[in-house]
Amino acid sequence: MTEPLDGIAGADAILGRAFPLPQAPLPLARWVDVAPIGDGAEVVWSLDDSRAGSPGRLALYAGRAPAPAREALAGATERGVEVDGLPARLREHPLSEAQPSLRPVLELSWERDGLALRLTAQGPWTVDDLLVLAASVPE
């Protein structure tokens, strides 16, 4: 298991620049974890899913190389989309065995300003909501 970083400054240090946090509003978070992943870092928001129909998690990876594949998404459906005019890959998986607030999962991957980015949303997110969040990630 990877040791968590000491906050967002640890992710900044790995990237050698400010970690590109989304500028769009996020649902209420219960806690946030920051960890090194592959050649980058990932910020994971564990969301307040105490209300029925609320999403459970959002994670943003940023690194100089694409994030390692998530084994849990083997067999996911995949299609091309755009994030702010940039080509992106959207993967969807039902995660039928996860608790309701963590299913399905949507994973959006794209590149911007020399960074590989991956936004993973678990729970009842819409593709449009995910695209808005992704477009709000600064250069």
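In this predicted model, Trp110 touches a wide set of residues beyond those up to four places away in sequence, namely Leu60, Val83, Leu86, Pro87, Ala88, Leu115, Ala116, Leu117, Arg118, Leu119, Ala134 and Val137. Trp110 is also among the residues with the most contacts inside the largest nonpolar core, together with Phe19, Leu108 and Leu119, and this core has 30 residues. The elements that give two or more residues to the core are helix H1 (8-15), S2, S3, S4, S5, S6, S7 and H2, and the largest share, five residues, comes from H2. In soluble globular proteins, nonpolar side chains tend to be buried together.

The strand S6 covers residues 105-112, and seven of its eight residues are buried, so S6 is largely enclosed by the rest of the structure. On one side of the sequence, strand S5 (residues 86-93) pairs with S6 in the antiparallel sense, over six bridges, and within this pairing Arg91 stands opposite Glu107 of S6. Strand S7 (residues 115-122) likewise pairs with S6 in the antiparallel sense, here over eight bridges, and the bridge partner that Ser109 finds in S7 is Arg118. S6 and S7 form a hairpin with two residues between the strands, and in its turn Asp113 has a positive phi of about 55 degrees.

Helix H2 (residues 127-135) can be followed next, through its buried residues, which are Val127, Leu130, Leu131, Leu133 and Ala134. These residues cover an arc of only 160 degrees around the axis, which puts them on the same side of H2. The face of the helix turned away from this buried side carries Asp128 and Val132, both of them exposed. As for what the buried residues of H2 meet, they pack against S3, strand S4 (77-83), S5, S6 and S7; one of these buried residues, Ala134, is also among the residues that Trp110 touches.

A polar residue in a loop gives a further point to examine: is Ser54 buried or exposed? Ser54 lies in the loop between strand S2 (40-47) and strand S3 (57-63), and with a relative accessible area of 17% it is buried, since the cut-off for that class is under 20%. The side chain of Ser54 reaches the backbone oxygen of Arg51 at 3.0 Å. Leaving aside neighbours within four places in sequence, Ser54 is in contact with Asp48, Asp49, Ser101 and Pro124.

The chain as a whole can now be considered. Its secondary structure comes to two helices and seven strands, and, read along the sequence, these follow the pattern α-β-β-β-β-β-β-β-α. The radius of gyration of the chain is 14 Å, close to the 14 Å that the globule rule gives for 139 residues, so the chain is as compact as a globular protein of that length. Along its principal axes the C-alpha trace spans about 40 × 30 × 30 Å. Of the 139 residues of the chain, 45% count as buried, and among contacts between residues at least 6 apart in sequence, 46% join residues at least 24 apart.

Technical notes:
Residues are numbered from 1 along each chain as its sequence is written. This is a predicted model: local features need pLDDT of at least 70, side-chain atom pairs count only at pLDDT 80 or more; totals for chains, interfaces and linings use all residues. Side-chain values use heavy atoms; hydrogens and water are left out. Buried means under 20% relative accessible area, exposed over 50%, partly exposed in between (1.4 Å probe, protein chains only). Helices (H or I, at least four residues) and strands (E, at least two) are DSSP runs, numbered from the N terminus. Two strands pair if DSSP finds at least two bridges between them. A polar contact is a pair of N or O atoms within 3.5 Å; within protein, one must be able to donate a hydrogen and the other to accept it, and residues adjacent in sequence count only if both atoms are side-chain atoms. Contact means heavy atoms within 4.5 Å. The arc is that of the directions from the helix axis to the C-beta atoms. A nonpolar core is a set of buried Ala, Val, Leu, Ile, Met, Phe, Trp, Tyr and Cys residues joined through side-chain atoms within 4.5 Å. The radius of gyration is taken over C-alpha atoms; the globule rule is 2.2 Å times the number of residues to the power 0.38.
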